[in-house]
Amino acid sequence: MAGADLKAKIAARAEVLGFAATGFTRASLPPERRRWLQDFLTAGHHGTMGWMAERAEQRADPQMLWPEALSVISLGFSYAPGMDSLENLRKPEVGNISVYARNRDYHDIIKGKLKHLAQYIAALGEGVKVFVDTAPVMEKPLAEQAGLGWQGKHTNLVSREHGSWLFLGEIFTTLDIAPDTPAEDHCGTCHACLSACPTDAFPAPYRLDARRCISYLTIEHDGPIPEEFRIAMGNRIYGCDDCLAVCPWNKFAAAGHEVKLHHREDLTAPLLAELALLDDAAFREKFSGSPVKRSGRNRFVRNVAIAIGNSAAPALLPSALALAADENAMVAEAGAWAVRRLSLN
Ligand code: B12
Ligand code: SF4
Ligand code: SF4
């Protein structure tokens, strides 16, 4: 079994590549994780993310995904913003894009780095596969098991050093590595994240109903945003950071170093009036290489319309009227809602 020496070498290489945290665990998860995933799916908390249910067996058990895998190297990459990520919420004329999406797509950045690190292990004659976000892998429980941090009450991984601001990635390998000690829960009696959620998306601590989460509603959900969440969305037009931002463990987090994740000036506090003008071509050009591109123009501009409706800014009425006349029915419906809201002011 590979011991401390090799682990230290792998961790040192990971650090040079920019990873903030590295941990090692077995390629397995305890049965309660499968049960909790199943409870989540049975309750329908995944909404229209049907892909979560389709490969649930593989998600709950790394060896169902790759039977030869013996170990998992879990890696955390910091995107700590180094500023108040809730600042935009006090500026109704701008749209708030979640801090993780204000520059390049983290999937591309982290995948490249994982492949680089995996080459080192492959050179030892071992099998490797790298994952970040999109594979049927339960990244948070694996990271907790590998000692990177614990799944907080907001369900994301919290680290004592990097707070709630870590992206996660993994290298599955046939290498037999001595596992690290799992992290302990340090949430204690705190419930700041649960209280901060604008849409009351936590039915209980450690459980999220994605259908109520603004991140899901603005990024994953196609079609009209259900009326009950529109006002609570405020000006959040892509993702949401509220439950992460209020976590007291963030106070130890130094700002992330990756330049490709540093906030683009035009995406830090973009004017709603300008975003409302984006047609398909302009949207693609503006968000080339950005995670925002994945949601597509219509969903994004639908969110912009809702934010305009919540702005209470009469100056944005012409933008709302233009969106109400949009060719896309989903955008036009949101635009009409915005016109009605602004007309009430
Ligand atoms: C689906 C998904 C979403 C969905 C659902 C989120 C969710 N919490 O499930 C939506 C679209 C809402 C979403 C939003 C976000 N996401 Co997301 N998402 C994922 C994805 C693809 C799968 C997560 C998953 O497996 N969910 C299924 C549920 C059942 O699993 P779970 O959250 O681990 O739930 C556990 C708890 O509920 C717990 N549990 C249940 N009952 C009980 C009871 C007790 C007593 C206890 C102790 C525990 C417990 O057990 C479950 C199993 O471990 C992962 C990537 C991946 N492949 O893992 C990224 C991932 C979780 N997302 C990520 C991010 C950054 C976000 C956002 C912050 C983005 C944003 N700013 O808008 C938000 C955060 C919202 C939030 N509070 O979770 C990061 C999180 C990094 C981290 N530090 O944890 C990940 C890991 C992507 C990555 N590679 O970095 N996401
Ligand atoms: S991301 Fe926002 S909407 Fe989703 S659970 Fe956290 S605070 Fe609630
Ligand atoms: S805000 Fe409090 S309860 Fe929520 S994850 Fe952080 S420490 Fe845990």
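**Notebook: two domains, two ligand shells**

I began with the domain split: the chain falls into domain 1 (4–81 + 97–173) and domain 2 (192–254 + 262–344). Note to self: this is a predicted model.

Next I looked up how the two halves sit. Their centres, taken over C-alpha atoms, are separated by 27 Å. I then checked the contacts: 29 residues of domain 1 touch 33 residues of domain 2. On the domain 1 side of that contact I got 14 polar residues, nine nonpolar and six charged.

Then ligand 3. Which residues come closest to ligand 3? I found Gly 152, Cys 187, Cys 190, Cys 193 and Cys 247, out of 13 that surround the ligand. By class, the shell around ligand 3 has nine nonpolar residues, three polar and one charged.

Why does ligand 3 lie between the domains? I traced the shell back to the chain: domain 1 (4–81 + 97–173) and domain 2 (192–254 + 262–344) both contribute residues to the shell, so ligand 3 lies between them.

On to ligand 2. I listed 13 residues around ligand 2, and the closest are Cys 197, Cys 213, Cys 240, Asp 242 and Cys 243. Which helices supply at least two residues each to the shell around ligand 2? I got helix H9 (214–220) and helix H11 (242–245). Sorting the ligand 2 shell by class, I wrote down nine nonpolar residues, three polar and one charged.

To keep in mind for later: ligand 3 has shell residues from both domain 1 and domain 2, and Asp 242 is among the closest residues to ligand 2.

Terms used:
Residues are numbered from 1 along each chain as its sequence is written. Chains are lettered from A and ligands numbered from 1 in the order in which they are written. This is a predicted model: local features need pLDDT of at least 70, side-chain atom pairs count only at pLDDT 80 or more; totals for chains, interfaces and linings use all residues. A residue is near a molecule or strand if its C-beta atom, placed from the backbone, lies within 6 Å of it. Ala, Val, Leu, Ile, Met, Phe, Trp, Tyr, Cys and Pro count as nonpolar, Asp, Glu, Lys and Arg as charged, and the others, Gly among them, as polar. Domain bounds come from an automatic or database domain assignment. Two residues are in contact if their C-beta atoms, placed from the backbone, lie within 7 Å. Helices (H or I, at least four residues) and strands (E, at least two) are DSSP runs, numbered from the N terminus.
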